[in-house]
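Let's walk through this one together, looking at an enclosed space and then at some helix packing.

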Amino acid sequence: LKSTFENKKITTTEIGGVNVSIPKNINEFVDKHKTILLASKYKKYKISLTDNFESGAINMLKNVSSILNNLNVHYWLEGGTCLGAVRDKKLIPWDHDLDIGVKYENDDILENLITQLRKKYYIRALPFKNHKNIWNLGKYRIIKVYPRKFIFFREKLCLDLFIFYPDTLKSNNQKIYKYGVCDRNAYYDYKLLEELSTISFYGREYSAPGKTFEYLEAKYGDDWEIPKENWNVIIDDKSLSRQDIL
């Protein structure tokens, strides 16, 4: 970083009434040093979906999807789970959890879902953060599902149920599905999830985004077919809003 702040490479700008020094080419600087700049956002997970956890993850995905189907909840394989199913035909071995998206319809459906999941799993139903720059879309942001360990404890394996809320962008009235991840606002174009399809995964049919390839491109970019072991949601997820409020 030292060479970046040599006199010839910096400029000044006013932020909140204070003059601060910044690199002249701020975009190049961020791209080059983004791993260091966002080091606090990099979590070190204790598991990966390798042989030790793969069978348990597959079984958990099957059981949770059965509960969703029985309750007629509209869901799809989300994030890395969808990417693995489409690109690799298996769970991504360096992934650390399972991801499912759920369309929000009403709180009663979510409450019933949580009740049914708790009969078998350890559940954490988390709200949106109370922060002016974070959307507060409803009662629940995410439902985290864990296998039980004894009665009151949980295993390390986790399945995240992200709740997606239909809305529109204020700037252009574009219909979208909003959700929250890692204390950030995120969204997909409505057309990517308006209709759902199915995908075969480990010998079972699961729901998937209707426009699956377009969805993966919207989340991972044009090169979504290239595996990236160091992919990070804060830096690389294309669905994250790059503005505070939309």
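Q: Which strands each supply at least two residues of the lining of the largest cavity?
A: Keep in mind that this is a predicted model. The lining includes Tyr179, Gly180 and Val181, along with Arg184 and Asn185. Set those against the strand ranges, 175–181 and 184–189, and the two suppliers are β9 and β10.

Q: Which element gives the largest share of that lining?
A: Both β9 and β10 chip in at least two residues each. The top contribution is three residues, and it comes from β9.

Q: How many charged residues are in the lining of the largest cavity?
A: Go through the lining and you'll find Lys129, Arg141, Asp183 and Arg184 among its residues. Alongside them sit nonpolar ones, including Phe128, Ile134 and Trp135. By class the lining has five nonpolar and two polar residues, and the charged count is four.

Q: What volume does the largest cavity have?
A: Using a cut-off of 30 Å³ or more, the structure holds one cavity. Its volume comes out at about 50 Å³.

Q: How are α2 and α4 oriented to each other: parallel, antiparallel, perpendicular or oblique?
A: Helix α2 (residues 51–70) and helix α4 (residues 107–118) have axes 10 Å apart and pack at an angle of about 140°. Angles over 145 degrees would count as roughly antiparallel, and 65 to 115 as roughly perpendicular. The pair fits neither range, so α2 and α4 are oblique.

Q: Which residues of α4 does α2 meet?
A: From the α2 side, the contact uses Val64, Ile67 and Leu68. By class, the contact has five nonpolar residues, one polar and no charged ones. Across from α2, the α4 partners are Leu113, Gln116 and Leu117.

Q: What is the handedness of the α3 and α6 crossing, left-handed or right-handed?
A: Helix α3 (residues 79–88) and helix α6 (residues 212–220) have axes that come within 11 Å and cross at roughly 130°. That makes the two helices oblique to each other. As for handedness, the crossing is left-handed.

Q: How many charged residues does the contact of α3 with α6 have?
A: On α3, the residues involved are Gly79, Gly80, Cys82, Leu83 and Val86, and they meet Thr212, Phe213, Tyr215, Leu216, Lys219 and Tyr220 in α6. By class, seven are nonpolar and three are polar, and the charged count is one.

Key: Residues are numbered from 1 along each chain as its sequence is written. This is a predicted model: local features need pLDDT of at least 70, side-chain atom pairs count only at pLDDT 80 or more; totals for chains, interfaces and linings use all residues. Side-chain values use heavy atoms; hydrogens and water are left out. Axes are lines fitted to C-alpha atoms, for helices over the stretch in contact, and angles run from 0 to 180 degrees between N-to-C directions. Helices (H or I, at least four residues) and strands (E, at least two) are DSSP runs, numbered from the N terminus. Angles under 35 degrees count as roughly parallel, over 145 as roughly antiparallel, 65 to 115 as roughly perpendicular and the rest as oblique. A crossing is left-handed if the near helix is turned anticlockwise from the far one by less than a right angle, and right-handed if clockwise. Contact means heavy atoms within 4.5 Å. Ala, Val, Leu, Ile, Met, Phe, Trp, Tyr, Cys and Pro count as nonpolar, Asp, Glu, Lys and Arg as charged, and the others, Gly among them, as polar. On a 1 Å grid over the protein atoms alone, a cavity is a set of points where a 1.4 Å probe fits but cannot get out, and a pocket is an open set with protein on both sides within 12 Å along at least five of seven lines; lining residues have an atom within 4 Å of a point. Grid points are joined across faces, edges and corners, and a volume is the space filled by probe spheres set on the points.
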